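Reader: Could we go through this model together? I should like to begin with the pockets.

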Amino acid sequence: MSAEATTDDSAGILLVDDMEDNLIALEAVLGSLNEPLVRARSGEEAMKALLRRRFALVLLDVRMPGMDGFETAANIKRLDQTKDVPIIFLTGAEDDSGYAFRGYATGAADYLTKPFDPWVLRAKVSVFLDLYRKNQQLERLLARQHADYHEVGRRLAALEDELTEAQRIQVKEIRHLLEKR
């Protein structure tokens, strides 16, 4: 992480699988990324976790009892608060070949079959973490720019109050030019 990074940059990764062994394997592969790994054993638990905090990424098993991965992904993409969280589906190799299509149609960013290559999974997750950090950085820059813009407007208004009528017209023209940008 860069020196500018804040705790907001550490959004974490949500691991969703009903099988303990799969969660342990994901934690072993992704632990070296030094990001919080949050477990959910069902689609319902995943939704609760997503509503409690921000995540950079969701790794989501397709086949789970109750709300399956596709239904969970549809719910994630339906909510304004979570719709932009990328999802990587993980599923057993014996699963129906139509699952991949269905996963992408549901809004998945990627789809991997188990057993997965740990290096490939770590590389893909790293890309999404980098994207998350860059988006956080952009949000902070936009907020700073917005605040700066309002400060300039406030100062212009204060100057206008001190100027003569002729000078006010010139300042209004300057303000109009600034607002066009």
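Reader: Which residues line the second largest pocket?
Author: The lining of the second largest pocket consists of Gln 145, His 146, Tyr 149, His 150, Val 152, Gly 153, Leu 156, Arg 175, Leu 178, Glu 179 and Arg 181. On a 1 Å grid over the protein atoms alone, a pocket is an open set of points where a 1.4 Å probe fits, with protein on both sides within 12 Å along at least five of seven lines, and lining residues have an atom within 4 Å of a point. This is a predicted model, in which local features need pLDDT of at least 70 and side-chain atom pairs count only at pLDDT 80 or more, while totals for chains, interfaces and linings use all residues. Residues are numbered from 1 along each chain as its sequence is written, and side-chain values use heavy atoms, with hydrogens and water left out.

Reader: Which helix gives the most to that second lining?
Author: Helix 5 does, with 7 residues of the lining of the second largest pocket. Helix 5 and helix 6 (165-180) each supply at least two. Helices (H or I, at least four residues) and strands (E, at least two) are DSSP runs, numbered from the N terminus.

Reader: How do the residues of that lining divide by class, and how much space lies in the pocket?
Author: The lining of the second largest pocket has 4 nonpolar, 4 polar and 3 charged residues. Here Ala, Val, Leu, Ile, Met, Phe, Trp, Tyr, Cys and Pro count as nonpolar, Asp, Glu, Lys and Arg as charged, and the others, Gly among them, as polar. The space in this pocket is about 280 Å³, a volume being the space filled by probe spheres set on the grid points, which are joined across faces, edges and corners.

Reader: And what volume has the largest pocket?
Author: The largest pocket has a volume of about 390 Å³. It is lined by 18 residues, of which Arg 54, Phe 55, Asp 84, Val 85 and Tyr 132 are the closest to its centre. Helix 5 (residues 118-162) again gives the most to the lining, here with 6 residues. By class, the lining of the largest pocket has 8 nonpolar, 4 polar and 6 charged residues.

Reader: Changing topic: how many helices and strands are there?
Author: The protein chain has 6 helices and 5 strands. From the N terminus on, the order is β-α-β-α-β-α-β-α-β-α-α.

Reader: Is Thr 72 buried or exposed?
Author: Thr 72, in helix 3 (residues 69-78), counts as buried because its relative accessibility is 0%. Buried means under 20% relative accessible area, exposed over 50%, and partly exposed in between (1.4 Å probe, protein chains only). Beyond neighbours within four places in sequence, Thr 72 is in contact (heavy atoms within 4.5 Å) with Gly 43, Ala 46, Met 47, Leu 60, Met 64 and Met 67.

Reader: How many aromatic pairs are found?
Author: The whole structure contains 4 aromatic pairs. One of them, Phe 70 with Tyr 99, is edge-to-face, at 5.4 Å centre to centre and 80° between the planes. Rings of Phe, Tyr and Trp (its six-membered ring) pair if their centres lie within 6.5 Å, and planes under 30 degrees apart count as stacked, over 60 as edge-to-face and the rest as tilted.

Reader: Which elements hold Phe 70 and Tyr 99?
Author: Phe 70 lies in helix 3 and Tyr 99 in helix 4 (residues 98-106), so this pair links parts of the chain 29 residues apart. Phe 70 is buried at 4% relative accessible area, whereas Tyr 99 is partly exposed at 22%.

Reader: Which residues form the aromatic cluster?
Author: Phe 70, Phe 89, Tyr 99, Tyr 104 and Tyr 111 form one aromatic cluster.
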